[in-house]
Amino acid sequence: MYQDALKRLDKAAAYVRIDAEAVEKLKHPKACLEVAFPVRMDNGQLRIFKGYRVHHNDIRGPTKGGIRYHPNLGLEEIKTLAFWMTIKCAVVGIPFGGAKGGICLDPKQLSRMEVERVSRSYIERIADFIGPDIDIPAPDVYTNEIIMGWMMDEYSTIVRQFTPAVITGKPIPLGGSQGRKGATARGAYYCIKELRKDKKWKVKETKVAIQGFGNAGRHIAKLLYEDGYKIVAVSDSSGGVYHADGLDVDELIHIKENSEELYMGYCKRSVCQLKDVDHITNAALLELDVDLLIPAAIENQITKQNASKIKADVIVEIANGPTTFDAEPVLQKKGILVVPDILANAGGVTVSYFEWVQNKSGFYWSEEEVHQRLHTIMTREFNQVCQLMIQHKTEMRTAAYIHALSRYAEAVTAQGTHDYFSGIR
């Protein structure tokens with residue numbers, strides 16, 4: 001996955017006037033931390049957990065990136081996600097660099113108290129590696145605002161002062177921002193609103209399939225459903241449901257979020273429990289004949305093996321890295337427009353930036369103000385990427401990389417490169 005990311009970097013660098021040194025810097029994370037820490041479980045057993053935190057690049061500001069919990073987590077994945085965060089922040093003009101972190105575990109197998117102990121122990125191990133002006137974590141896969149609140153509290157205890165700006169995605173009473181919870185989906189929604197103008201979609205006739213019904217998937221489904229889009233298919237880790245005339249998104253959300261079935265914010269129920277619908281696999285959902293396909297689950301879902309079977313006119317990537325490098329030429333040949341993750345899901349880090357700014361200033365904004373600021377940024381950057389796509393006659397992902405590299409190159413050049421020190425300029 002990391003090598004695929006670097007291939008995309010090299011491809012975009014050919015379109016940008018950028019010093020080779022600047023590109024080389026982006027290929028290497030600044031620092032990688034691997035930790036192991038013991039946690040006493042509820043049954044008295046001592047377990048050792050492995051965690052990671054990677055700082056990719058901080059030339060444009062302190063690093064920023066989520067913390068995910070997953071049993072198959074590895075350093076290579078964390079490095080790739082941190083790289084993407086560097087690019088993503090530059091795409092939307094946020095003054096952060098990229099970072100990422102996580103712990104190897106399945107939180108659904110732990111009690112609430114065990115998850116809290118693991119979360120606090122992880123922060124204790126990496127406390128010297130993070131900070132409001134160094135590296136600011138946020139929630140990611142299988143982490144949520146409750147866990148971020150614990151982590152912020154643990155860090156504040158260690159440094160002996162209340163430090164809300166060290167973590168974003170916190171509960172609002174603990175310094176969180178209005179509008180943060182659904183920000184990733186809302187950013188993608190604003191991109192789709194711009195797409196609608198170009199595609200001249202008739203909303204009620206526009207068919208949408210969404211792979212993944214977690215926080216981002218549910219929010220984008222709700223936003224599009226309220227606008228009148230026909231959500232014909234959704235899926236989660238247990239499988240998917242399909243109805244040609246459209247699904248009742250409100251009922252699906254109720255099934256997922258039924259309070260008696262929630263545990264630590266993790267939904268135990270599945271969309272597959274919806275009645276009077278056809279049941280499909282996650283793989284089959286990707287190949288449906290729809291106007292808009294939204295991968296909102298995990299990496300590497302659209303590959304060289306299934307790309308030729310994709311029938312959607314447009315793909316909007318809310319998940320990180322759902323499309324592999326080898327799949328992209330196939331999609332491009334089929335004329336499928338892909339709005340890349342580094343643009344489409346940047347609403348999350350943008351509102352995290354808003355939260356950090358509010359924490360630093362002690363002045364908090366209304367939800368309406370957060371939405372308006374996010375709309376301004378996402379619309380502006382989406383249209384700039386589209387202009388670059390037309391100018392360079394390339395696909396949107398490369399255009400987004402070009403946009404990011406141009407901003408990054410300005411920062412690197414400001415510090416001096418080979419040309420400067422050798423007297424060429």
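**Two helices crossing, and two residues to look at**

Hi everyone! Let's start with helix 6 and helix 13, which are oblique to each other. Keep in mind that what we have on screen is a predicted model.

How do people describe a pair like this? Two packed helices are described by the angle between their axes and the distance between the axes. Here, helix 6 covers residues 183–199 and helix 13 covers residues 367–392. Their axes cross at roughly 50° and come within 9 Å. An angle under 35 degrees would count as roughly parallel, and 65 to 115 as roughly perpendicular, so this pair is called oblique. As for handedness, the crossing of helix 6 past helix 13 is right-handed.

Which residues of helix 6 and helix 13 make the contact? From helix 6 we have Ala183, Arg186, Gly187, Tyr190, Cys191, Glu194 and Leu195. Helix 13 brings His371, Leu374, His375, Met378, Thr379, Phe382 and Asn383. Sorted by character, that contact has seven nonpolar residues, five polar ones and two charged ones.

Now, please turn to Asn144, in the loop that runs between strand 5 (135–139) and helix 5 (145–159). Is Asn144 buried or exposed? Its relative accessible area is 16%, so Asn144 is buried. Its side chain also reaches the backbone nitrogen of Ile146, at 3.1 Å.

My last stop is Arg125, which sits in helix 4 (residues 112–126). With a relative accessible area of 41%, Arg125 is partly exposed. Leaving out residues up to four places away in sequence, Arg125 touches Val35, Ala36, Phe37 and Pro38. Tyr52 is 73 residues from Arg125 along the chain, yet their C-alpha atoms are separated by 9.9 Å.

Thanks for listening!

Notes. Residues numbered from 1 in each chain as written. Predicted model: local features only at pLDDT ≥ 70, side-chain atom pairs only at ≥ 80, totals over all residues. Heavy atoms only, no water. Axes fitted to C-alpha atoms, helices over the stretch in contact; angles between N-to-C directions. Helix = DSSP H or I, 4+ residues; strand = E, 2+ residues; numbered from the N terminus. Parallel < 35°, antiparallel > 145°, perpendicular 65-115°, else oblique. Left-handed = near helix turned anticlockwise from the far one by under 90°. Contact = heavy atoms within 4.5 Å. Nonpolar A, V, L, I, M, F, W, Y, C, P; charged D, E, K, R; others polar. Buried < 20%, exposed > 50% of the residue type's maximum accessible area, 1.4 Å probe, protein only. Polar contact = N/O pair within 3.5 Å; in protein donor to acceptor, adjacent residues only side chain to side chain.
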